[in-house]
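Trainee: I am new to this structure and would like a close look at a single part of it. Please take one residue, then move outward to its surroundings.

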Amino acid sequence: MESVPPSPITWPDGGGLTNEWVHGLMSSFQWSSWNLPPSQLPSLLPVSVFDSLVLTASKILHKERNCVHIDGLDSESNVVVVGDIHGQLHDLLFLLKDTGFPCQNRFYVFNGDYVDRGAWGLETFLVLLSWKVLMPDRVYLLRGNHESKYCTSMYGFEKEVLTKYGDKGKHVYRKCLGCFEGLPLASIISGRVYTAHGGLFRSPVLPKRTTRGKKNRRVVLLEPEPSSLKLGTLDELMQARRSVLDPPWEGSNLIPGDVLWSDPSMTPGLSPNEQRGIGLLWGPDCTEDFLKKYELKLIIRSHEGPDAREKRTGLGGMDKGYTIDHNVESGKLITIFSAPDYPQFQATEERYKNKGAYIILQAPDFSDPQFHSFEAVKPRPKAHPYYDFENVIDSDDEMDKSALDTNDEQPNR
């Protein structure tokens, strides 16, 4: 790695990003990860430049619908689908170079979880935002469950930002939360492939009970019995209020929680996701129903790394970075995970040593997935964790809802 420090990054006149600017940002972040202490990042990326990038990206993201449709693909096009990255900047930079950077014929769908656990969540997120600003109709950034106030306060991103930006850290963190609000929840690629971080979701229509009082009537939404859970529709997904960042998700806000936190199961039907304490478990019959109803061939989701999969019966491990979880009449359900040798900080000497992976979809119908596994970039710079990885629970299990502070101010966009 070159020892000559790059010049501080400046925002281009007029705000129009170029390939040269984005590649310069990536190179600067790679250099700083090896040569600067975290608290010196503002000397390379001033807060004013951060503000301009996040504001520009947020304006683009907030205009996109909950489920973005990626159409206009031709025989020369391909679509790269990327799973969890979790602040592993060097693996992201390798993936982009290995696959080929976004361009006119190369689309990208990033399936959430850009931050937390790894030491470079902020740099990872900003690199992806810069590509989004440069090529807004070629790069699509979906939300993961870690793009939330709850997760980032538990798994390191908040502390990372405060460490790197000091007295401006709270400002930078609030701006990131506001940007998270704008991330779409799902995508449909060429009318054939549905992608979302967690996966499928329930209909938010719940039983109602009307109570009568002397002055008015009050409608109470009852908690549904598991047997009454019903698979949601794409129309309901489009109407969800995605600006909500954290639980409790109730009523019409159930869908974001499901989309971001749910997991597949080999047991038929829909049921509450008791292990995570939020979202659903859905079986192969639900995958078949969803694919058939919308004439889809694939569901691609992420959300489960090797630490999660070792606790789940009936589903494959994540040693290759992907699994095919359901293979039904109408198509397949796939889990893709793009953070190799995950998590970066592990409490035991014996590491998972999983590979990461990405998927390439090509013409004619973009529904025949080509899997590409890759090893972690080694060596990576030494870094200190931003969360208590020895004691914080793995895999987002058993959500601690008491850790949520509903009195905190809402993030500014």
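**A buried residue and the cores**

Mentor: Glutamine 88 is buried, because its relative accessible area is 2%, and buried means under 20%. The model is predicted. Along the chain, glutamine 88 sits in the loop that runs between strand S2 (78-82) and helix H4 (89-99). Setting aside neighbours within four places in sequence, glutamine 88 is in contact with Thr124, Ala339, Pro340, Asp341, Tyr342, Pro343, Gln344 and Arg380. For Pro340 there is also a distance to give: a polar atom of the glutamine 88 side chain lies 3.0 Å from the backbone oxygen of proline 340.

One of these contacts, Thr124, falls within the residue range of helix H5 (residues 121-134). That helix leads to the largest nonpolar core, which has 59 residues. The members that touch the most others there are Phe110, Leu122 and Leu129. Helix H5 gives the most to this core, with nine residues. Leucine 129 touches Leu53, Val54, Ala57, Leu61, Leu141 and Cys179, when residues up to four places away in sequence are not counted. Another core lies apart from the largest one; it has 35 residues, including Tyr155, Leu270, Leu280 and Tyr387. In soluble globular proteins, nonpolar side chains tend to be buried together.

One stretch is annotated in a record. UniProt, in an unreviewed entry, places the feature "domain: Serine/threonine specific protein phosphatases" at residues 142-147. In the model, residues 142-147 are 0% helix and 0% strand, with the end C-alpha atoms 10 Å apart.

Conventions: Residues numbered from 1 in each chain as written. Predicted model: local features only at pLDDT ≥ 70, side-chain atom pairs only at ≥ 80, totals over all residues. Heavy atoms only, no water. Core = buried A, V, L, I, M, F, W, Y, C linked by side-chain atoms within 4.5 Å. Buried < 20%, exposed > 50% of the residue type's maximum accessible area, 1.4 Å probe, protein only. Helix = DSSP H or I, 4+ residues; strand = E, 2+ residues; numbered from the N terminus. Contact = heavy atoms within 4.5 Å. UniProt positions renumbered as here; feature names shortened; annotations may be inferred. Polar contact = N/O pair within 3.5 Å; in protein donor to acceptor, adjacent residues only side chain to side chain.
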